[in-house]
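Me: I should like a close look at a single part of this model, set in the context of its surroundings. Please treat the matter in one connected answer.

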Amino acid sequence: MRQKKRFIAGAVCPKCKQQDTLMLFFEQGVEQIECVECGHQQSQTSNEVKQASGAQSQVIGLFKPE
Ligand SMILES: [Zn+2]
């Protein structure tokens, strides 16, 4: 079984604080993330990483110039 892994753009590893080192992949139907820098692994049970990678666009979206 080959696993599709892809990097999460802009995501920061909660352990080593490096950016763009987190890979997202599925294991037994569950989203997992793994840091290629320090080997940190966790289940993607929350939207923590997605929020981290989307935080900037959300802030921009909330900003209204008027
Ligand atoms: Zn790490």
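Me: Why does Gln-32 count as buried or exposed, and what is its relative accessible area?

Reply: The model is a predicted one, and what follows should be read in that light. Gln-32 counts as buried because its relative accessible area is 12%, and the cut-off for that class is under 20%. The residue belongs to strand E3. Its side chain makes a polar contact of 3.4 Å with the side chain of Ser-43. Strand E4, an edge strand, spans 41-43.

The strand that carries Gln-32 is best described through the sheet. Four strands form an open sheet in the order E1-E2-E3-E4, and their pairing is antiparallel. The edges are strand E1 (5-7) and strand E4 (41-43), each of which pairs on one side only. On average, neighbouring strands of the sheet are turned by 25° against each other, direction ignored.

Within this order, E3 pairs with E2 in the antiparallel sense through 6 bridges. Two residue pairs illustrate the register: Met-23 has Glu-34 in E3 as its bridge partner, and Phe-26 has Glu-31 in E3. On the other side of E2, the antiparallel strands E1 and E2 are joined by 3 bridges, with Lys-5 partnered by Phe-25 in E2.

The connection between E2 and E3 is a hairpin with 2 residues between the strands. Gln-28 lies in this loop, and its phi is near 55°, a positive value in a residue other than glycine. Gln-28 counts as exposed because its relative accessibility is 81%, whereas Gln-32 is buried at 12%. A further positive phi, near 60°, is found at Asp-20, again a residue other than glycine. Asp-20 is placed in the loop between E1 and E2 and is classed as partly exposed because its relative accessibility is 42%.

E3 also contributes to the interior. The largest nonpolar core has 7 residues, namely Ile-8, Ala-11, Cys-13, Leu-22, Leu-24, Ile-33 and Cys-35. Strand E2 (22-27) and strand E3 (30-35) are the elements that give two or more residues to this core. In soluble globular proteins, nonpolar side chains tend to be buried together. Ile-33 and Cys-35 are among the members of this core, while Gln-32 is a buried residue of E3 that makes a polar contact with Ser-43.

Two of the core residues, Cys-13 and Cys-35, lead on to the metal site. The zinc ion is coordinated by the SG atoms of Cys-13, Cys-16, Cys-35 and Cys-38, at 2.2 to 2.3 Å. The site is tetrahedral, with angles of 106 to 113° among its 4 donor atoms. Along the sequence, the donor residues follow the spacing C-x2-C-x18-C-x2-C.

The donors Cys-35 and Cys-38 fall into separate accessibility classes. Cys-35 counts as buried because its relative accessibility is 1%. Cys-38 counts as partly exposed because its relative accessibility is 33%. Strand E3 (30-35) thus holds the setting of the residue in question: Gln-32 lies in E3, this strand gives two or more residues to the largest nonpolar core, and Cys-35 is one of the zinc donors.

Key: Residues numbered from 1 in each chain as written. Predicted model: local features only at pLDDT ≥ 70, side-chain atom pairs only at ≥ 80, totals over all residues. Heavy atoms only, no water. Core = buried A, V, L, I, M, F, W, Y, C linked by side-chain atoms within 4.5 Å. Buried < 20%, exposed > 50% of the residue type's maximum accessible area, 1.4 Å probe, protein only. Polar contact = N/O pair within 3.5 Å; in protein donor to acceptor, adjacent residues only side chain to side chain. Donors = N, O, S within 2.8 Å, 3.2 Å for Na, K, Ca; no water. Tetrahedral: all angles 85-135°; square planar, octahedral: opposite > 155°, others 65-115°. Pairing = 2+ DSSP bridges. Axes fitted to C-alpha atoms, helices over the stretch in contact; angles between N-to-C directions.
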